Amino acid sequence: MAFQIITSRCTQCFACEFECPVTAIRFKGENYVIGPKKCIECEGYFETQQCAAVCPVPKTCVPA
Ligand code: SF4
Ligand code: SF4
């Protein structure tokens, strides 16, 4: 399982990029994306998914 960023909602504030413990979030093309193979849903690092926790836009970092 992995989280994904809903591109149409993302304001590209980059808050999430540096919070990911496994650097699964990167700017690709014109959008921030979560690498589905890299995202571990923060398991073993945090109780909650950090991208979703810091994202200022509701329902933007969500389970894929
Ligand atoms: S859920 Fe965690 S591991 Fe996955 S992209 Fe978000 S911060 Fe990174
Ligand atoms: S924190 Fe949310 S709005 Fe900001 S870049 Fe990440 S997904 Fe987009």
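In this predicted model, ligand 2 is surrounded by 14 residues, and those that come nearest are C10, C13, A15, C16 and C55. Sorted by class, this shell holds 11 nonpolar and three polar residues, with no charged ones. Ligand 1 also has 14 residues around it, and here C20, C39, C42, Q49 and C51 come nearest. The shell of ligand 1 is made up of 10 nonpolar, two polar and two charged residues.

Next comes the overall fold. The protein has one helix and four strands, and reading along the sequence gives the pattern β-β-β-α-β. How does the radius of gyration sit with a chain of this length? A compact globule of 64 residues would come out near 11 Å, and the protein has 10 Å, so the two agree. The C-alpha trace spans about 30 × 20 × 20 Å along its principal axes. Looking at contacts with a separation of 6 or more, 67% of them join residues 24 or more positions apart.

What about the inside? Buried residues account for 25% of the 64 residues in the protein. The largest nonpolar core brings together 12 residues: F3, I5, C16, C20, A24, I25, Y32, I34, C39, C51, C55 and C61. At least two residues of this core come from β1 (3-5), and β3 (31-34) likewise supplies at least two. As a general matter, nonpolar side chains in soluble globular proteins tend to be buried together. Some names in the core turn up around the ligands too: C16 and C55 are among the residues that come nearest to ligand 2, while C20, C39 and C51 are among those that come nearest to ligand 1.

Two members of the core are worth following in turn. F3 sits in strand β1, and it counts as buried because it has 22 C-beta neighbours inside 10 Å, where 20 or more are needed. Setting aside residues up to four places away in sequence, F3 touches I34, C39, E41, Q49, C51, A52, C61, V62, P63 and A64. Of these, C39, Q49 and C51 also appear among the residues that come nearest to ligand 1.

Y32 is the other one. Which residues is Y32 in contact with, leaving aside its neighbours within four places in sequence? They are I5, C10, Q12, C16, E17, I25 and F27. Here C10 and C16 belong to the residues that come nearest to ligand 2. As for the pair itself, F3 and Y32 lie 29 residues apart in sequence and 12 Å apart in space, going from C-alpha to C-alpha.

Notes:
Residues are numbered from 1 along each chain as its sequence is written. Chains are lettered from A and ligands numbered from 1 in the order in which they are written. This is a predicted model: local features need pLDDT of at least 70, side-chain atom pairs count only at pLDDT 80 or more; totals for chains, interfaces and linings use all residues. A residue is near a molecule or strand if its C-beta atom, placed from the backbone, lies within 6 Å of it. Ala, Val, Leu, Ile, Met, Phe, Trp, Tyr, Cys and Pro count as nonpolar, Asp, Glu, Lys and Arg as charged, and the others, Gly among them, as polar. The radius of gyration is taken over C-alpha atoms; the globule rule is 2.2 Å times the number of residues to the power 0.38. Two residues are in contact if their C-beta atoms, placed from the backbone, lie within 7 Å. A nonpolar core is a set of buried Ala, Val, Leu, Ile, Met, Phe, Trp, Tyr and Cys residues joined through C-beta atoms within 7 Å.
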